[in-house]
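Subject: Handing over a structure

Hi,

I am passing a structure on to you and thought a short tour might help. Please have a look at it first, and then read on.

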Amino acid sequence: MNTQKNDIVVELKDVNKWYGEFHVLKEVNLQVRRGEKIVICGPSGSGKSTMIRCINRLEEHQAGDINVMGTKLTGDLRNIEHVRRDVGMVFQHFNLFPHLTVLENCCLAPIWVKKTPRKEAEALAMKYLERVRIPDQAHKYPGQLSGGQQQRVAIARSLCMSPQVMLFDEPTSALDPEMVREVLDVMVELANEGITMLCVTHEMGFAKQVADRVIFMDRGQIVEENTPEEFFNNPQSERSKLFLSQIL
Ligand code: ADP
Ligand code: MG
């Protein structure tokens, strides 16, 4: 691939993070190019969530550099705000506001952060709710929806901010099995539309279908980076072999 400097949308350089005494991220290096789809996997507790939460500064790193769309993440609140406008995030547990309708959940950030007029924000929200195939749920509350529907609302809500990069943290692992597919289908469509995506997931079918690279983390380090085919069929490190033998 012809890589120019400005094609790199997310860059982690020698990133280290501690929770108190616990060294959770150790010299993490990662470059993500525009449009790239990256799947991150690894054992529970290996630092996957922490790493992606550092990218939109839900967690703070203590050493090394993180650059997102050309902005370096420091304690400067303006930089953090800037980066969060460009980076959407979808969590395992949806994190919708229970007292707001689906439509209101989707309009909140465009109205309050981007100062989009309400009518315009609602039209945009309806467009994305159609895209995730639940426009008929717009006036319901999250508690009235299935898990799969709630997660699709969470994806639509993120898209309403027109993010340049989407972060997903195990978006299907809290769902009943029959709802996983409907969420993955939406994610595959998004991936095919060219958005840059970092996704923590153990859904191998998804990884094989969309990932340009699979990143395997263990004990706070990136242990292996590979194509999905190579990673799943011919893992290089002992730790990834052990991990795959446990999830397959
Ligand atoms: P993963 O997403 O790969 O399961 P996490 O990034 O959630 O891993 O956590 C990595 C390690 O850091 C785990 O040992 C976890 O217990 C610890 N950890 C996560 N969040 C905190 C926190 N806020 N304070 C202290 N330790 C934490
Ligand atoms: Mg996690």
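Below are some notes on a pocket, some aromatic rings and two cysteines.

Before anything else, please keep in mind that this is a predicted model.

**The pocket**

A good place to start is the largest pocket, which holds about 530 Å³ of space. Its lining is made up of 20 residues. If you want to find the centre of the pocket on your screen, look for R84, V87, M89, A109 and M161, the lining residues that lie nearest to it. Four elements each give at least two residues to the lining: the helices α2 (77-86), α3 (102-112) and α5 (147-159), and the strand β6 (87-90). As for the chemistry, the lining has eleven nonpolar residues, along with five polar and four charged ones.

**The aromatic rings**

Next, the rings. There are three aromatic pairs in the model. One of them joins F216 and F231, whose ring centres are 5.9 Å apart; the planes meet at 35 degrees, so this pair is tilted. The two residues come from distant parts of the chain, 15 residues apart: F216 belongs to strand β9 (residues 213-218) and F231 to helix α8 (residues 228-233). Both have a relative accessibility of 0%, so F216 counts as buried and F231 does too.

F231 also pairs with F232. Here the ring centres lie 5.2 Å apart and the planes stand at 75 degrees, which makes the pair edge-to-face. F232 is buried as well, with a relative accessible area of 11%. Taken together, ring pairs link F216, F231, F232 and F243 into a cluster.

**The cysteines**

Finally, how many disulfides does the model have? The count comes to zero. A disulfide is a covalent bond between the sulfur atoms of two cysteines. You may still want to look at C106, for which the nearest cysteine sulfur is that of C160, 4.7 Å away. Why is there no bond between C160 and C106? The cut-off used for a disulfide is 2.5 Å between the sulfur atoms, and at 4.7 Å the sulfur of C160 is too far from that of C106 for a bond. Both cysteines are buried: C106 has a relative accessible area of 0%, and C160 is at 2%.

I hope this helps you find your way around. Do write back with any questions.

Best wishes

Key
Residues numbered from 1 in each chain as written. Chains lettered and ligands numbered in written order. Predicted model: local features only at pLDDT ≥ 70, side-chain atom pairs only at ≥ 80, totals over all residues. Heavy atoms only, no water. 1 Å grid on protein atoms, 1.4 Å probe; cavity = no way out; pocket = protein on both sides within 12 Å on 5 of 7 lines; lining within 4 Å. Points joined across faces, edges and corners; volume = space filled by probe spheres on them. Nonpolar A, V, L, I, M, F, W, Y, C, P; charged D, E, K, R; others polar. Phe/Tyr/Trp six-rings, centres within 6.5 Å; stacked < 30°, edge-to-face > 60°. Buried < 20%, exposed > 50% of the residue type's maximum accessible area, 1.4 Å probe, protein only.
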